[in-house]
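Reader: Could you take me slowly through how to read a few features of a protein model?

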Amino acid sequence: MTLTTATNTTLTTGIPNPSTTPSSGQLGRRITRFLRKLPLRTVIAVLLIIETYPLVWLLLSSFKTQNEFLTKPSWALPSQLNFANYTDAWVDGNLGTYVRNSLLATLPSLALIIILGVAAGFALEVLVWRGRSQILLLFLVGIMVPAQMILLPLFTVYFQIGLAGTLWPLIITYTAIGLPLAVFMMATYFRAVPREVFEAATLDGASVLRAFWSIGFPMVRNAVFTVALVQFFFIWNDLLIALTFTTNQSLRTIQVGLLSFTGEFGQTAYGPLFAGICINVFGTLILYLFLNQRIMKGLTAGSVKG
Amino acid sequence: MQNILGDRKAIVILLGPALLVYTLVMLVPVLWSLGLTFFEGNALFGFQPAGFDNFVQLFSDPRVLDAIWFTIRYAVIITVGQIVLGYGLSLLYVFALRRASGIVRTLVFFPVVLPTVAVALMFQQLFAVAPQNGIVNEFLNFFGVASVDWFGSAGTAFLVIVIMDIWRSMGFYAVLLYAGLVDIPEEVLESARLDGARGWRLVSNIVLPLSLPVLLSAVIFSINGTLKVFDSILALTNGGPGTSTTPLTLYMFQTSFSYGEYGYGSTIALVLTILCLGVTLFIFRSARRDNTLG
């Protein structure tokens, strides 16, 4: 529906519209122009309302009291700006602990993915050796394989070597699952750097490691940041891995913790639930506010992951 | 010079750690998981060899068929929805909004980065019937339609899943396909317009054929992602009502961790993997054949 209205309104602008031709004068022309653009504007307005209104509603609802949730209609505005739900969610709901766990699992994984992935991308794309395309292909296979295929052996191993009560299983697993995409993306970015740059560096006497560290890495710094952003969203938003490997409550990440929010307070406490969802949503919103162009570019470049 | 860029020690230092982690944590577990399909038991109580029992069970388990059927239905419907709406949006960006499309693109893309769990919990509330009608039921009531218990029956629960996942991801596919449309040279469009192709005819005769390659890769990405759906369904319906919205991923998870049957869980994971690789290869091959014909 979107498609036909949109194309009709714009692509037919050259064809005179019989219903609008007879009008004369400045005002008439302005009205016809307004009317001609009306369908397009309606489509855009509806689209933006559908995409953003739920979030506005979410934010407004997070200020409501339990009584308002149970007795007032869901579209009603909150009676006051009440932050008690947020403190309830953060302190009593342990959301503070969950956010800390998420950070403790996400940041080390990100660092490892970047260090290992950029180096491997360099070795696979810039360096010349037999078998490098086969190794790159081997990494690519890892993007396709569903995580379910590695969960059970990993769980067994983590359990047996006594890592089960820590955040290490998350860090290790996130690193391994993130690596294929990072290697693949970094190899693509290194392909765009002219080979002569590295050849010149080695001619000038730089070792390969030096050429990587002092020339290669700085040249793809922007790409590294993009890869890090993409991986951040995959890891931060992950539920499957976190749900599998967080065996006790004090290790829950924000996603696992939020999932258990409905049960934690006995009868569902809607206020803290909405506040918790808000904290989760508006955390990423702030990141998106500042970096949206880069995030859009990065995520679409990483779309092989599906 | 080539010798230096082929320095073996440097290759080992740069590639070694990544390859080691990848091998130990991805490749070995994949093979191990294949081996697990011939065992029963779990990490806590040990494993016993089970021969082909898991495969026998697989072919007689009606829930596996249900889960495969659900997974495929979900993947096809979401992929079609994502691509059609995403393509529609990208056409809107390129031909209707033109340079003004930046802000719309950014806003419509936004839900993509939101945590799936948060979105699912939000949709639970949007489509709620108790204790108060959610926004959707209020909207229906406004037009005189009675409230619907969205999560009470398989059909409506599936509908909510579809609406949610398309809401979440159409902005992503819009931007992905937008990049493909922008690459179409302006001269091609201009000469088509001079030849009198406008509106729908311009899109179907010129734009659509030219964006087929990017559409194809979008379909592959989408199928690959949707076959692995887990987070959004677990958080939204947890497979219910009953087991009516349980995809393979969730069934595998329940078998392994609720019932402690790792061997059977691995067998289901294997089915999922074969499904993912098979579908991707199939789409790829059939697209290749089309290209050679046309």
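The dialogue below turns to a pair of helices and then to cysteines.

Author: This is a predicted model, in which local features need pLDDT of at least 70 and side-chain atom pairs count only at pLDDT 80 or more, while totals for chains, interfaces and linings use all residues. Residues are numbered from 1 along each chain as its sequence is written, chains are lettered from A and ligands numbered from 1 in the order in which they are written, and side-chain values use heavy atoms, with hydrogens and water left out.

Reader: At what angle do the axes of α9 and α10 of chain A cross?

Author: Two packed helices are described by the angle between their axes and the distance between the axes. Here helices are DSSP runs (H or I, at least four residues), numbered from the N terminus, and axes are lines fitted to C-alpha atoms over the stretch in contact, with angles from 0 to 180 degrees between N-to-C directions. The axes of α9(A), residues 195-203, and α10(A), residues 208-219, come within 10 Å and cross at roughly 155°. The two helices are therefore roughly antiparallel, a term for angles over 145 degrees.

Reader: Which residues of α9(A) meet α10(A)?

Author: In contact, meaning heavy atoms within 4.5 Å, A:Val197, A:Phe198 and A:Ala201 of α9(A) meet A:Ala211, A:Ile215, A:Gly216 and A:Met219 of α10(A).

Reader: How many disulfides does a search of the whole structure find?

Author: A disulfide is a pair of cysteine sulfur atoms within 2.5 Å, and the search finds zero over all chains. A:Cys278 is buried (under 20% relative accessible area), at 1%, and B:Cys276 is buried, also with 1%.

Key:
Buried means under 20% relative accessible area, exposed over 50%, partly exposed in between (1.4 Å probe, protein chains only). Angles under 35 degrees count as roughly parallel, over 145 as roughly antiparallel, 65 to 115 as roughly perpendicular and the rest as oblique.
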